[in-house]
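Me: I'm new to reading protein models. Could you pick one strand and show me, slowly, what surrounds it?

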Amino acid sequence: MLPQGYTIRKLELGDYEPYVETLRVLTTVGDIPLDKFKDVFAHWEKLSDTYMPRVITNENGIVVATGMLLVERKIIHECGSVGHIEDISVAKSEQGKGLGISMIKELSGVAKEVGCYKVILDCSPHNVGFYEKCGYKNDGSEMCLRL
Ligand code: ACO
């Protein structure tokens with residue numbers, strides 16, 4: 001459950017600055033001018049049945065956690081859909097308040113609603129315990145080719 005005053009909702013264009021800042025907890029983000037953010041946001045909006053970014057805001061309405069569900073439609077499993085969870089990031093000062101688990105529950109729930117038969121994600125070994133607390137199981141190895 002979210003702490004009092006916190007809300008989970010879809011990403012909005014006005015979230016630009018705190019959204020980009022919150023993602024810096026996760027990895028290198030770089031310099032993202034507003035016009036580039038708008039461009040990616042418009043792309044996500046056009047494909048809103050596929051890209052589903054969510055944010056958690058604090059009692060001041062500021063974004064403090066991010067998460068994304070990407071829905072992949074397949075031919076296998078009778079044209080089944082798989083959900084991919086990406087870019088989970090909780091601002092340092094907001095960690096340990098249950099925001100991460102709330103975000104994963106929300107995104108997993110959206111995946112179920114839109115008919116996904118499973119949800120998968122990649123994470124570092126040090127986060128395995130967190131995802132186990134969210135009900136996920138370690139189910140293989142992540143492979144990566146940096147381009
Ligand atoms: N390992 C084991 N357990 C953990 C970890 C961890 N790394 N992090 C949190 N937990 C536990 C908590 O202790 C808590 O347990 P409890 O219910 O018994 O008290 C439970 O998991 C839920 O914790 P939350 O408070 O919801 O976690 P938080 O809001 O701090 O978010 C997160 C966790 C997302 C890993 C956060 O620390 C973070 O943003 N880290 C940096 C970015 C990152 O690594 N993101 C994940 C990338 S993977 C991906 O995007 C698919």
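Reply: Let's begin with a word you will need: strands (E, at least two residues) and helices (H or I, at least four residues) are DSSP runs, numbered from the N terminus. What you have here is a predicted model, in which local features need pLDDT of at least 70 and side-chain atom pairs count only at pLDDT 80 or more, while totals for chains, interfaces and linings use all residues. Residues are numbered from 1 along each chain as its sequence is written, and side-chain values use heavy atoms, with hydrogens and water left out.

Our strand is β3, which covers residues 63–73. A handy place to step into β3 is T66, one of its residues. T66 has a relative accessible area of 1%, so it counts as buried (buried is under 20%, exposed over 50%, and partly exposed in between, with a 1.4 Å probe and protein chains only).

What does T66 touch, leaving out residues up to four places away in sequence? Its contacts (heavy atoms within 4.5 Å) are Y19, T22, L23, R54, D87, I88, S89 and M103. D87 deserves a second look, since the side chain of T66 reaches the backbone oxygen of D87 at 2.8 Å. That is a polar contact, meaning a pair of N or O atoms within 3.5 Å; within protein, one must be able to donate a hydrogen and the other to accept it, and residues adjacent in sequence count only if both atoms are side-chain atoms.

Now look along β3 to its partner. β3 and β2 run antiparallel and are joined by seven bridges (two strands pair if DSSP finds at least two bridges between them). One place to see this is M52, which stands opposite L69 in β3. The two strands form a hairpin with five residues between them. In that turn, G61 has a positive phi of about 80°.

β2 also has a partner in β1, residues 7–10, and this pairing is antiparallel too, with four bridges. I56 of β2 is the bridge partner of I8. β2 runs over residues 51–57, and because six of its seven residues are buried, the strand is largely enclosed by the rest of the structure.

I8 and I56 appear again when you look at S102. S102 sits in helix α4 and touches M1, L2, I8 and I56, again without residues up to four places away in sequence. With a relative accessible area of 12%, S102 is buried. A polar atom of its side chain lies 2.8 Å from the backbone oxygen of G98.

V64 of our strand region leads us to another residue, E94. E94 lies in the loop between β4 and α4, and its contacts beyond four places in sequence are Y6, N58, V64 and L99. E94 is buried, at 8% relative accessibility. Its side chain also makes a polar contact with the side chain of K97, at 3.0 Å. By contrast, the C-alpha atoms of E94 and V82 are separated by 30 Å, although the two residues are 12 apart along the chain.

Let's go back to D87, the contact of T66. D87 lies in strand β4 and counts as partly exposed, at 36% relative accessibility. Most residues other than glycine have a negative phi. The phi of D87, however, is positive, near 55°.

D87 also brings us to the largest pocket, which holds about 1,200 Å³ of space. (On a 1 Å grid over the protein atoms alone, a pocket is an open set of points where a 1.4 Å probe fits, with protein on both sides within 12 Å along at least five of seven lines; lining residues have an atom within 4 Å of a point.) Of the 38 lining residues, L26, T27, E86, D87 and I88 lie nearest the centre. Elements giving two or more residues to this lining are α1 (16–23), α2 (34–46), β4 (81–90), α4 (99–113) and α5 (128–133). β4 gives the most, with six.

So our walk from β3 has taken us through T66 to D87, and D87 is among the residues nearest the centre of the largest pocket.

Key: Grid points are joined across faces, edges and corners, and a volume is the space filled by probe spheres set on the points.
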